[in-house]
Amino acid sequence: MLCNIVRVCVILVVCLSFTKSEPLSGKHVKRVAQHDLDFVASIAYQSTSGSHRKDNHICSGTLISPRHILTHERCLLNKIREHLAIYVGSPDIKSASPYHACKWISYSSWYSENTNRFVNIGGSHIAIITICMNVVPAIAVPAPISPLTYDELEGSGVTVAGWGLLKDGSKSSYLKKATVKLLTQNTCNEFHHFETQERDRYLCTRSSPYVIVKPGDAGGPILDTKKRVIGVTSGSFWHGRSNDPEDAINIHVNISYYRTFIQETTGLVF
């Protein structure tokens, strides 16, 4: 199992391959209680049976308005809109309400359309899905976007969420969450050695005991203490030479970097 985790995380940092859904893992990962994080969405291949939804899960996302799901753009790479479903409103994926995607746009596409230039680093940004019908408050209330900057948040405890595996290796129907520490920007760069133009785009988290995000968690939110979105999960990597999970660092994209894109796409003001 550990060897498989190492292989997946290496792929994730290089090309963020989300072809398989894998778990949020760690010693302090907990099941989400009913009505706690109902705005966290599962992006999955359509299924005619509720019991099969967990097997079709691709990525996570966040309801940020009644019609908009925030996720990672790699989650939608080579996907056919008509083949996908978005489930929201319950930590039990079997009970979540299904919605269809009317359209989506990635930051890379939006940037190219508005500047006639290509993004330097493709596939490592966010995307916004517009669903075909409003999510009513009785099902889920959208998560607000945090107004706080990285400098105001670094060093604090934040929440990550995603759908994981059970101890026997089977896929879980239940949303999981964990508290991790948001590393300083300098520490994040020391571990990953981001290019100068990339540094403002990323957040790094870690925890001891360890918490490791996986491709199935990609696109899901990291939240401040008021359950406001501060980032979108990308993946994880090992900063040491060993395969010790305690050396794992989680990488997320920083919502503040995409403020204009989100506002113009959704009409949200934050």
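**Exercise 1. Classify Asp36 as buried or exposed, and identify its salt-bridge partners.**

*Solution.* Step 1: Asp36 has a relative accessibility of 15% and therefore counts as buried; the term buried applies under 20% relative accessible area, exposed over 50%, and partly exposed in between, with a 1.4 Å probe and protein chains only. The model is predicted, so local features need pLDDT of at least 70 and side-chain atom pairs count only at pLDDT 80 or more, while totals for chains, interfaces and linings use all residues. Residues are numbered from 1 along each chain as its sequence is written, and side-chain values use heavy atoms, with hydrogens and water left out.

Step 2: The side chain of Asp36 meets that of Lys177 in a salt bridge, at 2.7 Å from N to O. A salt bridge requires a side-chain nitrogen of Lys or Arg within 4 Å of a carboxyl oxygen of Asp or Glu.

Step 3: Lys177 belongs to strand β11 (residues 171–182), and Asp36 to the loop between β2 (30–31) and β3 (40–45), so this pair ties together parts that are 141 residues apart in sequence. Helices (H or I, at least four residues) and strands (E, at least two) are DSSP runs, numbered from the N terminus. Lys177, at 26% relative accessibility, is partly exposed.

Step 4: A network of salt bridges links Asp36, Lys177 and Lys227.

**Exercise 2. State how many salt bridges the rule yields, and describe the pairs Asp55 with Lys54 and Arg228 with Asp224.**

*Solution.* Step 1: The count is six salt bridges.

Step 2: In the pair of Asp55 and Lys54, the closest N and O atoms are 3.6 Å apart. Asp55 is partly exposed at 39%, and Lys54 is partly exposed at 21%.

Step 3: In the pair of Arg228 and Asp224, the closest N and O atoms are 2.8 Å apart. Both Arg228 and Asp224 are buried.

**Exercise 3. Determine the geometry of the aromatic pairs that Tyr107 forms with Trp110 and with Phe261.**

*Solution.* Step 1: A pair of aromatic rings is described by the distance of the centres and the angle of the planes. Rings of Phe, Tyr and Trp (its six-membered ring) pair if their centres lie within 6.5 Å; planes under 30 degrees apart count as stacked, over 60 as edge-to-face and the rest as tilted. The structure holds seven aromatic pairs.

Step 2: For Tyr107 and Trp110, the centres are 5.7 Å apart with 35° between the planes, and the pair is tilted. Both residues lie in helix α2 (residues 107–115), three residues apart, about one turn of the helix. Tyr107 is buried at 8%, and Trp110 is buried at 14%.

Step 3: For Tyr107 and Phe261, the centres are 5.7 Å apart and the planes stand at 85°, so the pair is edge-to-face. Phe261 lies in helix α5 (residues 259–266) and Tyr107 in helix α2, so the pair ties together parts that are 154 residues apart in sequence. Phe261 is buried at 1% relative accessibility.

Step 4: One aromatic cluster is formed by Tyr107, Trp110, Tyr111, Tyr257, Tyr258 and Phe261.

**Exercise 4. Describe how helices α2 and α5 pack.**

*Solution.* Step 1: The axes of α2 and α5 are 11 Å apart and meet at an angle of about 85°. Axes are lines fitted to C-alpha atoms, for helices over the stretch in contact, and angles run from 0 to 180 degrees between N-to-C directions.

Step 2: The two helices, α2 and α5, are therefore roughly perpendicular; angles of 65 to 115 degrees count as roughly perpendicular, under 35 as roughly parallel, over 145 as roughly antiparallel and the rest as oblique.

Step 3: Tyr107, Trp110 and Asn114 of α2 make the contact with Thr260, Phe261, Glu264 and Thr265 of α5, where contact means heavy atoms within 4.5 Å.
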